[in-house]
Amino acid sequence: MTFPHTRLRRMRRDAFSRELMRETRLHPGDLIMVAFVIDGSDRREAVPSMPGVERLSIDHSLNLADDCVALGIPALALFPSVEAQYKSADAAEAWNPQGLFQRAARALKARHPQLGLIGDVALDPYTTHGQDGLIDDHGYVLNDLTIEALVRMALAQAEAGFDIVAPSDMMDGRIGAIRDALENAGHVNTRILAYSAKYASAFYGPFRDAVGSSASLGKGDKHTYQMDIGNSDEALREVELDIGEGADMVMVKPGLPYLDVVRRVKDHFGMPTFVYQVSGEYAMLKAAAQNGWLDERSVVLESLIAMKRAGADAILSYYAIEAARWLRAD
Ligand code: PBG
């Protein structure tokens with residue numbers, strides 16, 4: 001009779017030894033809540049393709065921020081959903097100091113100065129065509145002209161109190177331009193979270209419903225600026241450029257389908273590396289859970305742990321508050 005010399009099942013036999021050898025743990029401090037803000041007061045609008053997610057007026061956003069603070073979630077990533085009258089070809093509302101987004105930031109920072117606030121820097125909520133940048137007569141997104149708009153937008157956000165500006169547009173050179181502008185304006189501590197490896201993914205559909213850009217975008221797509229889904233060497237080049245231009249954190253997006261990219265980025269650069277569990281990932285998990293096909297708590301926590309195991313330092317998620325509650329209850 002021969003016996004296995006090493007029995008990996010030995011350590012798995014009891015909860016105590018499984019606990020002791022667990023390599024990766026998830027903590028509310030790893031999570032960033034994502035929320036959509038709308039104008040008006042006492043308004044909450046359901047997002048049909050994201051059951052459980054609502055667009056919130058500023059007053060309700062404050063309650064959501066209360067939950068983040070109470071649960072130990074360090075930061076909130078905010079996206080605006082603006083009405084049609086505020087959309088234009090030049091997206092000028094994006095840097096209006098009295099615009100919804102800037103007002104929301106002032107209110108949130110007044111309520112919770114210690115809660116990190118992340119502003120999205122991209123023009124899509126504000127353009128009539130739903131693209132992340134300014135377009136020419138053929139609908140092509142113009143890189144350098146768009147950067148000028150993004151710089152104005154990032155400055156308006158820093159001015160309003162956003163701690164972190166997060167360019168999600170994928171223009172070339174925007175991190176450097178925003179960094180220079182922030183330094184020149186004295187915003188030396190405003191952090192930049194660069195959406196460095198952002199793929200042209202079909203998993204963003206529900207988000208575009210939430211910010212109201214899907215109708216404007218129509219049959220348009222973002223393949224001329226977001227990354228091709230088949231590439232990963234290119235992700236390293238994107239990250240390298242953004243680091244060189246002054247990014248403080250880099251991000252891979254979407255999350256679960258791109259964890260190989262997260263691992264490569266983390267191993268290669270050792271930068272604070274964030275990952276975004278996007279709207280389509282949320283919708284998939286939620287739909288299966290609502291049908292009784294998957295156990296929501298287990299699959300959500302498993303997905304989030306997988307992201308950390310892949311090398312992510314923090315995770316943006318629509319599930320952040322729920323997940324933090326589950327973790328606290330454990
Ligand atoms: C656009 C932006 C998108 C997301 C964040 N910022 C969608 C897009 O690129 O069309 C997607 C987030 C999600 O799906 O949850 N600047």
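Lys253 is buried, with 24 other C-beta atoms within 10 Å; a residue counts as buried if 20 or more other C-beta atoms, placed from the backbone, lie within 10 Å of its own, as exposed if 12 or fewer do, and as partly exposed in between. I begin with this residue, colleagues, and shall work outward.

Two remarks on the source. The model is predicted: local features need pLDDT of at least 70, side-chain atom pairs count only at pLDDT 80 or more, and totals for chains, interfaces and linings use all residues. Residues are numbered from 1 along each chain as its sequence is written.

Lys253 lies in strand E8 (residues 249–253); strands (E, at least two residues) and helices (H or I, at least four) are DSSP runs numbered from the N terminus. Not counting residues up to four places away in sequence, Lys253 touches Tyr195, Lys198, Tyr199, Tyr276 and Val278, where contact requires C-beta atoms, placed from the backbone, within 7 Å.

Lys198 belongs to strand E7 (residues 191–198) and is buried as well, having 27 other C-beta atoms within 10 Å. Beyond four places in sequence, the contacts of Lys198 are Ser168, Met170, Gln226, Met227 and Lys253.

According to an unreviewed UniProt entry, Lys198 and Lys253 carry the feature "active site". UniProt positions follow the numbering used here, feature names are shortened, and annotations may be inferred rather than shown by experiment. The two residues span 56 residues in sequence, yet their C-alpha atoms are no more than 4.9 Å apart, so they gather at one spot.

The unreviewed UniProt entry also annotates Glu238 as "binding site". Glu238 sits in helix H9 (residues 233–244) and counts as buried because it has 21 C-beta neighbours inside 10 Å. Leaving aside neighbours within four places in sequence, Glu238 is in contact with Ser196 and Ala197.

I turn now to the ligand. Residues surrounding the ligand, with a C-beta atom, placed from the backbone, within 6 Å of it, include Ser168, Asp169, Lys222 and Val278.

Which helix gives the most to the largest nonpolar core? That core has 101 residues, and Ile32, Met33, Leu76, Ile118, Ala154 and Met251 touch the most other members. Helix H5 (residues 143–160) gives the most, with ten residues. A nonpolar core is a set of buried Ala, Val, Leu, Ile, Met, Phe, Trp, Tyr and Cys residues joined through C-beta atoms within 7 Å.

Finally, the whole chain. The secondary structure comprises 13 helices and ten strands, and 45% of the 330 residues count as buried.

Note on methods:
Contact = placed C-beta atoms within 7 Å.
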